[in-house]
Number of protein chains: 2
Amino acid sequence: MKLENLNIIIADDHPLFRNALRQALSGSFAQTNWFEADSADALQTLLEQTDAPYDLVLLDLQMPGSHGYSTLIHLRTHFPELPVVVISAHEDAMTISRAVHYGSAGFIPKSSSMETLADALTAVLYGDIWLPANVELQQIDEDATDQMAAKLADLTPQQYKVLQMFAEGLLNKQIAYDLGVSEATIKAHATAIFRKLGVRNRTQAVIALQQLEMDRVEI
Amino acid sequence: MKLENLNIIIADDHPLFRNALRQALSGSFAQTNWFEADSADALQTLLEQTDAPYDLVLLDLQMPGSHGYSTLIHLRTHFPELPVVVISAHEDAMTISRAVHYGSAGFIPKSSSMETLADALTAVLYGDIWLPANVELQQIDEDATDQMAAKLADLTPQQYKVLQMFAEGLLNKQIAYDLGVSEATIKAHATAIFRKLGVRNRTQAVIALQQLEMDRVEI
DNA sequence: TCAACCATCAGACTTAAGTCTAATGGTTGA
DNA sequence: TCAACCATTAGACTTAAGTCTGATGGTTGA
């Protein structure tokens, strides 16, 4: 692959940071088309709408609507060809290890220099996995969080979207209106979601999703 | 107050850590009665059951069932005379500032030495506020989290307990059974909780509670 | 003593949620 | 082409959730 005419998505809720990132990288990646998303929802919309063959996603794990690793898991499941590089303010070994475990092609601390950033992206675009120096990857054992991650990956994109809206506290009627479908459809999705996640109702589903929050790390 | 014959509660979900803490402090605080709680629920039960005049609570903010600062807020509201010292693995200025903001009488990083620990407790027992050296307290502005904290403080102890059980995904019927009351009572509590929190249903209530998680910090 | 608050409960009720069945049409990969 | 999956929907249904009214008894502070 030649590193030009790239389509790169920056998914971060902070406009200033998105801008900074774009500025920092525009030197190294000329003629690149930059796309921006300020929420997990916007990111998903971007990926569904256009058929542009995106080359990379720069993903902040702490966006609104992004329940920790759930966005990463979802992306890797439904767009397996699309490399995802995680950008995060957290940079402990466990966070990085989980990100890699869930399919991230790289992990860039927000504290990185612009050169490091460009290096990392280049490496990933060439198919490598890029991690900060001196990180010792931890073994991610089959804990409850990991099991939930597997179940989450089992959801279809639409089901995932509905689950996210459950987690926003929306009623079936509101979700149906927002998605432009009937309430019966939402109920059908709900039943499917509950079955896949192994829960009985929406409150339990939301709790299960929240289990994937970044901070839910065992110490 | 003379520092003897004290009743101190250690609330931490890690048995090893509770033991270590107890061992470390038994030298400095002889003839002290130690009580232990491994969850927010156990802590609340302890405080309600016995009428023992507890002198101090050592509280880990990351216990099961403890939604971040919510336990602290609840303790300070309903047991204003009881000093609470927060113990945490997090030790950034924002976390500490929030803890103080919500009424903590001290903040002890888990990395502290035993001497530091004893010093801190002594200071707090004498009515001082103890913080790690070189911490600059941040201004906690009236954000959504803070508003939710105020609403949470408005709940009665029983309502708070029911809300916690909502957050565990329990059904009304199960909660009623566990608390030994009728389902009608739970429904009455539910309605009161929703009204106080300004939400419409239990899922939204759980989401609101989760807003107080420790990690929900703006960066 | 009395007002205020709290926890409790029942009963009747409305509404939201969730299940089940059955059906249609689109996409996709074998 | 065909099976498999997905999204969609309607309709009938069950159940859980939530509201409202009205009531009792206990506690507590003024």
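A polar contact, as the term is used on this tour, is a pair of N or O atoms within 3.5 Å, where, within protein, one atom must be able to donate a hydrogen and the other to accept it. With that rule, and keeping in mind that the model is a predicted one, three residue pairs in polar contact, both at pLDDT 80 or more, are found across the interface of chain A and chain B.

**Stop 1: chain A against chain B**

Select chains A and B together and display the residues that meet, where 19 residues of chain A are in contact with 19 residues of chain B. The area buried between the two chains is about 1,500 Å², and carbon and sulfur atoms give 55% of that area. On the chain A side, colour helix H10 (residues 202-210), which contributes six residues, the largest share of the side that touches chain B. Sorted by class, this side of chain A holds seven nonpolar, six polar and six charged residues, yet the rule finds zero salt bridges across the interface of chain A and chain B.

**Stop 2: the two domains of chain A**

Hide chain B and colour chain A by domain, with domain 1 covering 7-125 and domain 2 covering 144-210. The C-alpha centres of these two domains of chain A lie 24 Å apart, and 15 residues of domain 1 are in contact with 14 residues of domain 2. Between them the domains of chain A bury about 1,200 Å², of which 52% is on carbon and sulfur atoms. Here the count is six residue pairs in polar contact, both at pLDDT 80 or more, while the rule finds zero salt bridges across this domain interface.

Which elements of domain 1 should be selected, as those that give two or more residues to the side that touches domain 2 of chain A? They are helix H2 (40-49), helix H3 (70-78) and helix H4 (93-101) of chain A, and H3(A) gives the most, with six residues. The residues on this side of domain 1 divide into three nonpolar, nine polar and three charged.

**Stop 3: DNA strand C**

Bring chain B back and select DNA strand C together with the 15 residues around it, of which A:Thr191, A:Arg202, B:Val181, B:Ser182 and B:Thr185 come nearest. Sugar and phosphate make up 74% of the atoms of strand C that come within 4 Å of the protein. Three distances to phosphate oxygens of strand C can be displayed in turn: 2.9 Å from a polar side-chain atom of B:Thr156, 2.5 Å from a backbone N or O atom of B:Ser182, and 2.9 Å from a polar side-chain atom of B:His189. Helix H9 (183-197) of chain A and helix H9 (183-197) of chain B are the elements that give two or more residues to the surface near strand C, and H9(A) gives the most, with four residues.

**Stop 4: DNA strand D**

Move to DNA strand D, which is surrounded by 16 residues, the closest being A:Val181, A:Ser182, A:Thr185, B:Thr191 and B:Arg202. A phosphate oxygen of strand D is 2.9 Å from an N or O atom in the side chain of A:Thr156, and a backbone N or O atom of B:Arg202 lies 2.7 Å from a phosphate oxygen of strand D. For a contact to a base, select B:Lys187, where a polar side-chain atom lies 3.1 Å from a base oxygen of strand D. The elements giving two or more residues to the surface near strand D are H9 of chain A and H9 of chain B, and the residues of that surface divide into five nonpolar, eight polar and three charged.

Technical notes:
Residues are numbered from 1 along each chain as its sequence is written. Chains are lettered from A and ligands numbered from 1 in the order in which they are written. This is a predicted model: local features need pLDDT of at least 70, side-chain atom pairs count only at pLDDT 80 or more; totals for chains, interfaces and linings use all residues. Side-chain values use heavy atoms; hydrogens and water are left out. Contact means heavy atoms within 4.5 Å. Buried area is the accessible area (1.4 Å probe) that two parts lose on being put together, summed over both. A salt bridge is a side-chain nitrogen of Lys or Arg within 4 Å of a carboxyl oxygen of Asp or Glu. Ala, Val, Leu, Ile, Met, Phe, Trp, Tyr, Cys and Pro count as nonpolar, Asp, Glu, Lys and Arg as charged, and the others, Gly among them, as polar. A residue is near a molecule or strand if one of its heavy atoms lies within 4 Å of it. Domain bounds come from an automatic or database domain assignment.
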